[in-house]
Amino acid sequence: MIRLAVRVRREDADLVLAELLELAPSGVEETDLEGAIVEYAVYGAPGELPDLPDVRAAVGGALVEVVTTEVADDWADRWRAFHKPIEIAGKLYVRPPWEPARDDLMDLVIDPGQAFGTGAHHTTRLCLELLARSR
């Protein structure tokens, strides 16, 4: 499996994401990097990933860097290490199903998939904070 990552300037990230989703409709992984850079990554076997010239054309002048890496065969098990429980507003405990619940907080289990995490994204976290305050 190959990971194709495109790093772009943060101020252009929303437009780039819209263009990339045309090339990768099943979704992309988004990571905020230091220095006002956002990384969008897609995974697939050779021949399943968007063509590099198409990616470069979609990203245009926002492009900082393109990085491809080979993903180890045990990725299906190792990805779980990136999904850790988080506490929201001292009331909610958002966790993946393989992490134990806490008795002192309201338990919210989110089963992460390729396109959804466990509440750490800024937008999701803000929504959860608003919900926690309303209780």
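Me: Which residue takes a positive phi in the hairpin of strand 2 and strand 3?

Reply: That is G35, with a phi near 75°. The hairpin has 3 residues between the strands. Keep in mind as we go that this is a predicted model.

Me: What makes strand 2 and strand 3 count as paired?

Reply: At least two bridges between two strands are needed for pairing. Strand 2 (residues 29-33) and strand 3 have 5 bridges, in the antiparallel sense, so they pass the cut-off of at least two. Within this pairing, T31 stands opposite E39 in strand 3.

Me: How do you know that strand 1 pairs with strand 3?

Reply: The reasoning is alike: 8 bridges join strand 1 to strand 3, and the cut-off is at least two, so they count as a pair. These strands run antiparallel, and R9 stands opposite I37 in strand 3.

Me: Why is strand 3 called largely enclosed?

Reply: A residue is buried when its relative accessible area is under 20%. In strand 3, 7 of the 8 residues are buried, so the rest of the structure largely encloses this strand.

Me: Why is M1 called partly exposed, rather than buried or exposed?

Reply: M1 has 37% relative accessibility. Buried would need under 20% and exposed over 50%, so a value in between is partly exposed. M1 sits in the segment before strand 1 (2-9).

Me: What makes M1 eligible for a nonpolar patch?

Reply: Patch residues need over 30% relative accessible area, and M1 is at 37%, so that requirement is met. M1 forms the surface patch with Y43 and W75, and together they have about 280 Å² of accessible area.

Me: How do you know that the buried residues of helix 1 share a side?

Reply: The buried residues in helix 1 (residues 13-23) are A13, V16 and L20. They cover an arc of only 60° around the axis, and therefore lie on the same side of helix 1. D14, L15 and E22 are exposed on the other side. The cover over the buried residues of helix 1 includes strand 1, strand 3 (37-44) and helix 2 (52-59).

Me: And what puts the buried residues of helix 2 on the same side?

Reply: Here V55, A58 and V59 are buried. Their arc around the axis is only 95°, so they are on the same side of helix 2. They pack against strand 1, helix 1 and strand 4 (63-70), while P53 and A57 are exposed on the other side. Just after helix 2 comes G60, with a positive phi of about 60°.

Notes: Residues numbered from 1 in each chain as written. Predicted model: local features only at pLDDT ≥ 70, side-chain atom pairs only at ≥ 80, totals over all residues. Heavy atoms only, no water. Patch = residues over 30% accessible without salt bridge, like charges linked within 9 Å, V, L, I, M, F, W, Y side chains within 5 Å. Areas by Shrake-Rupley, 256 points an atom, 1.4 Å probe, with all protein chains shown as cover. Salt bridge = Lys/Arg side-chain N within 4 Å of Asp/Glu carboxyl O. Helix = DSSP H or I, 4+ residues; strand = E, 2+ residues; numbered from the N terminus. Buried < 20%, exposed > 50% of the residue type's maximum accessible area, 1.4 Å probe, protein only. Arc of directions from axis to C-beta. Contact = heavy atoms within 4.5 Å.
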